[in-house]
Protein chains: 2
Amino acid sequence: MRLSELATASGVPPATVKYYLRQGLLHPGAQLGPRSADYEESHLRRLRVVQALTEAAGLSLAQVKTMVELIEHPQEDLFTALGAAVAALPPMAPRAEDYPRARAVMERLGQLYDPEYAAVAQLEHALAAAEQAGLQISEERIDAYGSAVRRLAEYDISNMPEADAPSAAVEYAVLGTALYEPVLLALWRLAHQHLAAQRLPGD
Amino acid sequence: MRLSELATASGVPPATVKYYLRQGLLHPGAQLGPRSADYEESHLRRLRVVQALTEAAGLSLAQVKTMVELIEHPQEDLFTALGAAVAALPPMAPRAEDYPRARAVMERLGQLYDPEYAAVAQLEHALAAAEQAGLQISEERIDAYGSAVRRLAEYDISNMPEADAPSAAVEYAVLGTALYEPVLLALWRLAHQHLAAQRLPGD
């Protein structure tokens, strides 16, 4: 399809599509002549990824470019590739050598504690903030959250595209993280409302 | 305690404590003389709430002031008070008259669909973003997330301070939402990593 058709199909304005091409966020189409090129399904798919990461996840174009490169050229070891891509998504937490709160939680949940995992710093930061506010998370709450979250993650991982398509798996991890986290938080708030309505008699 | 002691105990610099007093974010202490006042446990607690909402939840001081007022003077109907307080927390989603995607999800999960609930707009926005990116959420995924989240919310609501202490309940809802959502997301990412490590053979 031509650039104008690609713009219509994706909902991205033609000027923005051209900008993404110049910035290397979108791969060039097949050249048809000096001033026209042919675009295909892979371009449409890429535009969706870029839009999702900029609009839904609020990433800068520089961050999106990093992400697109991680999806396009995943590292050979898929586990490392997945970790690197998700680590490039916000929130960014300050790195340290050790994360004592996160370590205690991982030990409690029987999960590997690896300070190199970006989400470990994120967890440490979140636990420290709760503690500072006088709302330290009890072991009982850790157990409740840990088992519910494990169930969620089992669903996600069992639906991950097969390991022989590393680009697809990395894209699933990045987009899933960026797009499904907001869905989960909204569902959680609505579940609170639903249960509070049952518990609290209305006026 | 004196202002300097309050500052030390809370970790908030004295100049910031004075600023919060002038802005009405912190209630005045008992006047001891023309230039000294006595502060107590309730001041320490309030400083923790303000710090948590500004630093951990990233709220502006104007938003924190709204929140503090909602905690201090909860509406008579506790269910409405809880909803108003949590609705004042980010993310803010554009309001509309109807939210078709969120409505379908609520119907599927057997929960009340009330377009006045702020989290309904948030859910609609998150579902639309996923759809636009070509990652429409399947009914199977809705069921998986919905039941895991319900379990989480049951734990939260069963630990809510009793309904005869509305300020405490509103504070729990606001701080719990602001502080535990980041914990949950970090735990989710770590559960993904844990399960991916089991599924993917390392090099």
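## Exercises on a predicted two-chain model

B:A87 touches B:M92 and B:A118, with residues up to four places away in sequence left out of the count; contact means heavy atoms within 4.5 Å. The structure is a predicted model, in which local features need pLDDT of at least 70 and side-chain atom pairs count only at pLDDT 80 or more, while totals for chains, interfaces and linings use all residues. Residues are numbered from 1 along each chain as its sequence is written, chains are lettered from A and ligands numbered from 1 in the order in which they are written, and side-chain values use heavy atoms, with hydrogens and water left out.

### Exercise 1. The surroundings of B:A87

Task: Determine in which helix B:A87 is found, and whether B:A87 counts as buried, partly exposed or exposed.

Solution.
- Step 1. B:A87 belongs to helix 5 of chain B. Helices (H or I, at least four residues) and strands (E, at least two) are DSSP runs, numbered from the N terminus.
- Step 2. The relative accessibility of B:A87 is 31%. Buried means under 20% relative accessible area, exposed over 50%, and partly exposed in between (1.4 Å probe, protein chains only). B:A87 therefore counts as partly exposed.
- Step 3. From B:A87 to B:Y180 the separation is 93 residues in sequence and 16 Å in space, C-alpha to C-alpha.

### Exercise 2. The interface between the chains

Task: Describe the side of chain B that touches chain A, and state which helix of chain B gives the most to it.

Solution.
- Step 1. In chain B, 81 residues are in contact with 81 residues of chain A.
- Step 2. The two chains bury about 7900 Å² between them, 70% of it on carbon and sulfur atoms. Buried area is the accessible area (1.4 Å probe) that two parts lose on being put together, summed over both.
- Step 3. Between chain B and chain A there are 22 residue pairs in polar contact (both at pLDDT 80 or more). A polar contact is a pair of N or O atoms within 3.5 Å; within protein, one must be able to donate a hydrogen and the other to accept it, and residues adjacent in sequence count only if both atoms are side-chain atoms.
- Step 4. Several helices of chain B each supply at least two residues of this side, among them helix 3 (41-56), helix 8 (139-158) and helix 9 (166-199). Helix 9 of chain B gives the most, with 24 residues.
- Step 5. The residues of this side divide into 52 nonpolar, 15 polar and 14 charged. Here Ala, Val, Leu, Ile, Met, Phe, Trp, Tyr, Cys and Pro count as nonpolar, Asp, Glu, Lys and Arg as charged, and the others, Gly among them, as polar.

### Exercise 3. Salt bridges

Task: Examine the salt bridge of A:D156 and B:R141, and then the salt bridge of B:R108 and B:E139.

Solution.
- Step 1. A salt bridge is a side-chain nitrogen of Lys or Arg within 4 Å of a carboxyl oxygen of Asp or Glu. Over all chains the count is 18 salt bridges, and between chain B and chain A it is 4.
- Step 2. The side chains of A:D156 and B:R141 meet at 2.8 Å, N to O. The pair crosses between chains, from helix 8 (residues 139-158) of chain A to helix 8 of chain B.
- Step 3. A:D156 is buried at 5% relative accessible area, and B:R141 is buried at 6%.
- Step 4. B:R108 and B:E139 form a salt bridge at 3.3 Å, N to O. Because B:R108 lies in helix 6 of chain B and B:E139 in helix 8 of chain B, the pair ties together parts that are 31 residues apart in sequence.
- Step 5. B:R108 is partly exposed at 39%, whereas B:E139 is exposed at 53%.

### Exercise 4. Confidence and cis peptide bonds

Task: State how confident the predictor is in chain A, and locate the cis peptide bond of B:P90 and B:P91.

Solution.
- Step 1. pLDDT is the predictor's confidence in each residue, from 0 to 100. Chain A averages a pLDDT of 90, and 98% of the residues score at least 70.
- Step 2. The model scores ipTM 0.88 and pTM 0.88.
- Step 3. B:P90 and B:P91 are joined by a cis peptide bond, with omega about 0°. B:P91 is placed in the loop between helix 5 and helix 6 of chain B.
- Step 4. In chain A, a cis peptide bond with omega about 0° joins A:P90 and A:P91.
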